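Good morning, and thank you for joining. I would ask you to keep the sequence and the structure in view while I speak.

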Amino acid sequence: MDKKAKNILFKTYWKNGWVSRIYTDPDDFDYAKFKGLMFDPLTISHDQCLVQIHGLLSVISMDKVVKAFLSSLSTRRLDWRSGIASYFIAQQLPPHIYTKAISGQSYDNTGKVTHTSYTCGICRDLKYGIIGDEFYKHIDLNVLNFERIKWGGVRHGHLEYTFFDLQQFQLAEIPEPTAEDITIFRSMLEIIESSQPADYPGALEKKLASVIPSTKDERKVLIEILSCIDILKPASYNRPSRGRGDWIFAESWRGEDKYDKASLEKYFGGYIG
């Protein structure tokens, strides 16, 4: 990854936190775009997006997303890590056209509806609920790329992110996982297996700090990815949350669930069997 282009992308959005005014010098943008790290805005429909996702799914192998995930552990190439979740989500999406369904409503103090938002009902009703708008106009792909490089993606489950993530993943050259990668992954599994029955995902995040080079936010996304692909699979989805909305895919996981051996074998059996 070109360091100058990455720096241009990062400083557009981040300086010890999110920047308040988003701006990229035109010459810098052209350079980062040439290096494949920044992009022009995207306009696409739900139906076009879905066709593109299925096309990408047909040319990306499971072995590649697994190799990328493992290879990300020691290198901290978080963009490689993101792909396995998008691949899993793409596999849940049946071919369909946009089917309008209410996703939320706002009310005034008299109870009158002041705003109604919509999503695709078929996407919504899939596992975890995919967010699928009818049209995407001038989507900022650069902030999506910033998030996938810095944290491993924070919008898994959004249709436009699934498309963009897989599109970029297809272009990536992924190395074979190293012995260090496998050791880190095995250590992660040991920590998951030793979780206390009542542990919430937050407790697991803290424990993983001892075995993988990472920040707190990186570990949170890592747990979300493992939950998305059913490695961290809850025995029940009818469990109380702590009400802070900190988790999406991992919300219902508890320490008593450990890790799902069938999902582990499906994805990683060739590396840790």
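The sulfur of C120 has its closest cysteine sulfur in C123, at 3.8 Å, which is too far for a bond. I should state at once that this is a predicted model. Seen from the other side, the sulfur of C123 has C120 as its closest cysteine partner, again at 3.8 Å and too far for a bond. The cut-off for a disulfide is 2.5 Å between the sulfur atoms, so this pair does not qualify. A disulfide, in general, is a covalent bond between the sulfur atoms of two cysteines. Across the whole structure, the search finds zero disulfides. As for their surroundings, C120 is buried at a relative accessible area of 0%, and C123 is buried, also with 0%.

I turn next to the nonpolar interior. Which residues have the most contacts inside the largest nonpolar core? They are F69, I84, F185, M188 and F268, in a core of 80 residues. In soluble globular proteins, nonpolar side chains tend to be buried together. If we set aside neighbours within four places in sequence, F185 is in contact with F69, L70, L73, L264, F268 and I272. F268 is thus one of the contacts of F185, and F268 counts as buried because its relative accessibility is 0%.

F268 also brings us to the aromatic rings. A pair of aromatic rings is described by the distance of the centres and the angle of the planes. The count for this model comes to 13 aromatic pairs. One of them joins Y267 and F268: the pair is tilted, with 6.3 Å from centre to centre and 50° between the planes. Y267 has a relative accessibility of 5% and therefore counts as buried. Elsewhere, a single aromatic cluster is formed by F10, Y13, W14, W18, F146 and W151. Two lysines are placed over ring faces. K4 lies over the face of Y31, at 4.4 Å from the ring centre, and K220 lies over the face of W247, at 5.3 Å from the ring centre.

Let me now take helix α4, residues 62-75. With 14 residues at 1.5 Å a residue, α4 should span 20 Å, and its end C-alpha atoms are indeed 20 Å apart. The expected span is 1.5 Å times one less than the number of residues, so the arithmetic uses the intervals between residues. Is α4 largely enclosed or largely open? It is largely enclosed by the rest of the structure, because 10 of its 14 residues are buried. The buried residues form an unbroken list from K64 through V65, V66, K67, A68, F69, L70, S71 and S72 to L73. They pack against α5 (78-92), α8 (159-171), α9 (179-193), α11 (216-228) and α12 (261-272). Just after α4, R76 takes a positive phi of about 60°.

Helix α9 can be treated in the same manner. Its 15 residues should span 21 Å at 1.5 Å a residue, and the end C-alpha atoms are 21 Å apart, which agrees. The buried residues of α9 are D181, I182, I184, F185, M188, L189, I191 and I192. An α-helix has 3.6 residues a turn, so residues three or four places apart point the same way. The cover over the buried residues of α9 includes α4, α10, α11 and α12.

Within α9, M188 deserves a moment. M188 counts as buried because its relative accessibility is 1%. Beyond residues up to four places away in sequence, M188 touches L73, L208, V211, I212, L222 and L226. M188 and S210 are 22 residues apart along the chain, and their C-alpha atoms are separated by 9.3 Å.

I close with the loops. Q196 sits in the loop between α9 and α10 (201-208), and with 49% relative accessibility it counts as partly exposed. Apart from residues up to four places away in sequence, Q196 touches K207, G255 and E256. Q196 and I223 are 27 residues apart in sequence, and their C-alpha atoms are 16 Å apart in space.

Most residues other than glycine have a negative phi, and most peptide bonds are trans. D230, although not a glycine, has a positive phi of about 75°. D230 is placed in the loop between α11 and α12, and it is buried, with a relative accessible area of 10%. K258 is found in the loop between α11 and α12 and has a positive phi of about 55°, although it is not a glycine.

Notes: Residues numbered from 1 in each chain as written. Predicted model: local features only at pLDDT ≥ 70, side-chain atom pairs only at ≥ 80, totals over all residues. Heavy atoms only, no water. Phe/Tyr/Trp six-rings, centres within 6.5 Å; stacked < 30°, edge-to-face > 60°. Buried < 20%, exposed > 50% of the residue type's maximum accessible area, 1.4 Å probe, protein only. Lys NZ or Arg CZ within 6 Å of the ring centre and 35° of its normal. Core = buried A, V, L, I, M, F, W, Y, C linked by side-chain atoms within 4.5 Å. Contact = heavy atoms within 4.5 Å. Helix = DSSP H or I, 4+ residues; strand = E, 2+ residues; numbered from the N terminus.
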